[in-house]
Amino acid sequence: MLDKSRFFFLGAALFSGVSTALYPIVVLKTRQQVSPTHVSCANISLAIARLEGLKGFYKGFGTSLLGTIPARALYMTALEITKSSVGQATVRLGLSDTTSMAVSNGAAGLASAVAAQVVWTPIDVVSQRLMVQGDLSLNKYANGFDAFRKILYSDGPRGFYRGFGLSILTYAPSNAVWWASYSLSQKKIWSRFKGPHGHKEDARGSVAVQALSAATASGCSALITMPVDTIKTRLQVLDAEENGRRRAMTVMQTVKSLMREGGGFGACYRGLGPRWVSMSMSATTMITTYEFLKRLSTKKQR
């Protein structure tokens, strides 16, 4: 039913716009996560504005945007193919509509997250290092290409996949739960208002329900995956020093370093505020854009 070329072209443009709007929140979240002490978002924002100006909120944005198009293409392809395939399989198994919807959306979320991380992990490694420049005494990079060259020289190709396993552990379950929760929340909300199948579908009502369902699905996901995301971010950005030489930290070294900085397990939740806001806003805009995009890309019936 979809015009795929239109779907991917419009999708790249719309999601790039969403990424542009939400990027400063991601910068704040990343700086909070790698900070050796707890610093509020307000203080970080003021420091960036005073010392670095508006450009400070968009460090690494070019690199991130460059990865958005292939990552989103992989994400949406895996999402639609898996949702369709698993949905057909659940119908053949005789599962109820509600169970079928939850299973197919959960499987689609899992598959799309794994597919997208093949591109997103290297992009994260480079962009996050650019984000924290000026905040930490790290190697200085002139731009994304300079960061790419230096990481390749010091760590080899493996350096771009630091934290890949943790990225999968963060985003795959989170995505699976998010899509399953989203489909169930949407069905539950519609059932209270007689649903789009009970009455003629209202476009504004659909957008409101989609946005509310997306926000509902984001909260728990942020709480559950925050510790793994913090460890992943520090693993990708920070180095250990041994005999005067820098080298990649292990997961255990990253966890021990985090615990030593104080706050105990609570240190794993640094940056929760910006991440919660970012996930909720991103999910709400993403799903409403995604549904709008599907309507725009639907082939006209002859």
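Which backbone oxygen does the side chain of Thr 30 reach? In this predicted model, the partner is the backbone oxygen of Val 26, at 2.9 Å. Thr 30 sits in helix H1, which covers residues 4-34. Its relative accessibility is 0%, so Thr 30 counts as buried. Setting aside neighbours within four places in sequence, Thr 30 is in contact with Gln 128, Met 131, Val 132 and Thr 233.

With that starting point in hand, let us step back to the whole fold. The protein has ten helices and two strands. Reading from the N terminus, the order of elements is α-α-α-α-α-α-α-α-β-β-α-α. Of the 302 residues, 48% are buried. Among contacts with a separation of 6 or more, 79% are between residues 24 or more positions apart. The accessible surface comes to about 15500 Å², and carbon and sulfur atoms account for 65% of that surface.

Now to the interior. The largest nonpolar core holds 19 residues, and the members that touch the most others are Trp 178, Trp 179, Tyr 182, Ile 287 and Tyr 290. Two or more residues of this core come from each of helix H3 (61-92), helix H4 (97-131), helix H6 (164-192), helix H8 (203-237) and helix H10 (272-297). H4 supplies the largest share, five residues. Trp 179 is a good place to zoom in: leaving out residues up to four places away in sequence, Trp 179 touches Tyr 75, Leu 79, Lys 83, Asn 105, Gly 106, Gly 109, Met 286, Ile 287 and Tyr 290. There is also a second, separate core of twelve residues, including Val 34, Ile 231, Val 237 and Met 249.

Charged side chains come next. Side chains of opposite charge can pair when their charged atoms come close. A search of the whole structure finds nine salt bridges. One of them joins Arg 275 and Asp 229, with N and O 3.4 Å apart. This pair links distant parts of the chain, as Arg 275 belongs to helix H10 and Asp 229 to helix H8, 46 residues apart. Arg 275 and Asp 229 are both buried. Through shared partners, salt bridges join Lys 29, Asp 124, Asp 229, Lys 232 and Arg 275 into one network.

Within that network, Lys 232 forms a salt bridge with Asp 229, and their closest N and O atoms are 3.9 Å apart. Lys 232 and Asp 229 are three residues apart in helix H8, so about one helical turn separates them. Lys 232 is buried, as is Asp 229.

Another salt bridge makes a nice companion to this one. Arg 149 and Asp 146 meet through their side chains at 2.7 Å, N to O. Both residues lie in helix H5 (residues 144-155), three residues apart, which is about one turn of the helix. Here the two partners have opposite settings: Arg 149 is exposed, with a relative accessible area of 52%, whereas Asp 146 is buried, at 13%.

Finally, let us visit the outside. Leu 93, Leu 95 and Val 103 form a nonpolar patch on the surface, and together they have about 270 Å² of accessible area. Leu 95 is found in the loop between H3 and H4. With a relative accessible area of 35%, Leu 95 is partly exposed.

Conventions: Residues are numbered from 1 along each chain as its sequence is written. This is a predicted model: local features need pLDDT of at least 70, side-chain atom pairs count only at pLDDT 80 or more; totals for chains, interfaces and linings use all residues. Side-chain values use heavy atoms; hydrogens and water are left out. A nonpolar core is a set of buried Ala, Val, Leu, Ile, Met, Phe, Trp, Tyr and Cys residues joined through side-chain atoms within 4.5 Å. Buried means under 20% relative accessible area, exposed over 50%, partly exposed in between (1.4 Å probe, protein chains only). Helices (H or I, at least four residues) and strands (E, at least two) are DSSP runs, numbered from the N terminus. Contact means heavy atoms within 4.5 Å. Patches are made of residues with over 30% relative accessible area and no salt bridge: like charges are joined within 9 Å, nonpolar side chains (Val, Leu, Ile, Met, Phe, Trp, Tyr) within 5 Å. Accessible areas come from the Shrake-Rupley method with a 1.4 Å probe; for residues, only the protein chains shown count as cover. A salt bridge is a side-chain nitrogen of Lys or Arg within 4 Å of a carboxyl oxygen of Asp or Glu. A polar contact is a pair of N or O atoms within 3.5 Å; within protein, one must be able to donate a hydrogen and the other to accept it, and residues adjacent in sequence count only if both atoms are side-chain atoms.
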